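Please open the model in your viewer and keep the selection tool at hand, as this tour goes from one selection to the next.

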Amino acid sequence: MIQFILFLSLCFLTFSILVTIFRLIKGPTAPERVQALDVIGIYLIAGVAIYSVLIRSTAFFEVILLIGILSFIGTIAFARFIERGVVIERKQSD
Amino acid sequence: MKGLNDVILRTATKVVVVIILAFSIHLFVSGHHNPGGGFIGGLAFVAAIVLLFLVSDIEKVRNNIAVDFKNVTALGVLISVFTGVGGMIGGKPFLNQVFGSVNLPIFGETGMATGVLFDVGVALAVIGASLTIIISIGEDR
């Protein structure tokens, strides 16, 4: 029973990622696309966690932490690009 | 560009960078039997440096890390190739690895493999190449 529920939630996560990819492609402005990318990262984390419960293994916990770190840095970089127009400053003005 | 307030990002980075660096070392050490190894450990290290680039600027980080990253790439590839050639000296194939058990003073009986040296080279090559690419792109206007 629990395995069926986990499998069903994996299917729903896949469907959610597909819907979010639609927003990623169609989204009229840049902030919506950035938010869609962040949400896809969270869905991937949830998928890996549910899969770890499904196969009763702790081997993929580093993957969760790594996806979280990369999604965090990517979101910061995109936010800085939208806010200032440049991602990495060569020399700070202040 | 002045007047933008990013106190939260600067304060969070001081903690998060340490966590990412420790996690990269954990990923590097836990290779061979778990997810990890030289490549992904080097990429996590690069992620920490990129976070420092984002909250600060390139000049400040380059002044504090006084290493030319192109030399790091060359050193890493050199270590990897010499580790691979080391197997050919004993008549074994290229990239042959030896696994042995060494009695260390504190840790006791510890298994050590020469593949770790190869992973050190891979990690250095990945760190140098990625940071060279990021700095080259970031400095271009």
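## Where the two chains meet

Begin by colouring chain A and chain B separately: in this predicted model, the two chains bury about 2500 Å² between them, and 68% of that area lies on carbon and sulfur atoms. Across the interface of chain B and chain A there are two residue pairs in polar contact, both at pLDDT 80 or more, while the count of salt bridges between the two chains is zero.

Now select the side of chain B that touches chain A, where the elements giving two or more residues are α1 (7-29), α2 (38-55), α3 (58-64) and α5 (115-139) of chain B. Of these, α2(B) gives the most, with eight residues. If you colour this side by residue type, you will find 18 nonpolar, three polar and eight charged residues. In terms of contact, 29 residues of chain B meet 22 residues of chain A.

## Along a helix of chain A

Next, select helix α2 of chain A, residues 30-55, and look at its two ends: at 1.5 Å a residue its 26 residues should span 38 Å, and because the end C-alpha atoms are 38 Å apart, the expected and the computed values agree.

Stay with this helix and show its side chains, picking out the buried residues of α2(A), which include V34(A), I40(A), V48(A), I50(A) and L54(A). What covers the buried residues of α2(A)? Show α1 (2-26) and α3 (61-84) of chain A, which are among the parts that cover them.

Finally, step to R56(A), which follows α2(A) and has a positive phi, near 55 degrees.

Methods:
Residues are numbered from 1 along each chain as its sequence is written. Chains are lettered from A and ligands numbered from 1 in the order in which they are written. This is a predicted model: local features need pLDDT of at least 70, side-chain atom pairs count only at pLDDT 80 or more; totals for chains, interfaces and linings use all residues. Side-chain values use heavy atoms; hydrogens and water are left out. Helices (H or I, at least four residues) and strands (E, at least two) are DSSP runs, numbered from the N terminus. The expected span of a helix is 1.5 Å times one less than its number of residues. Buried means under 20% relative accessible area, exposed over 50%, partly exposed in between (1.4 Å probe, protein chains only). Contact means heavy atoms within 4.5 Å. Buried area is the accessible area (1.4 Å probe) that two parts lose on being put together, summed over both. A salt bridge is a side-chain nitrogen of Lys or Arg within 4 Å of a carboxyl oxygen of Asp or Glu. A polar contact is a pair of N or O atoms within 3.5 Å; within protein, one must be able to donate a hydrogen and the other to accept it, and residues adjacent in sequence count only if both atoms are side-chain atoms. Ala, Val, Leu, Ile, Met, Phe, Trp, Tyr, Cys and Pro count as nonpolar, Asp, Glu, Lys and Arg as charged, and the others, Gly among them, as polar.
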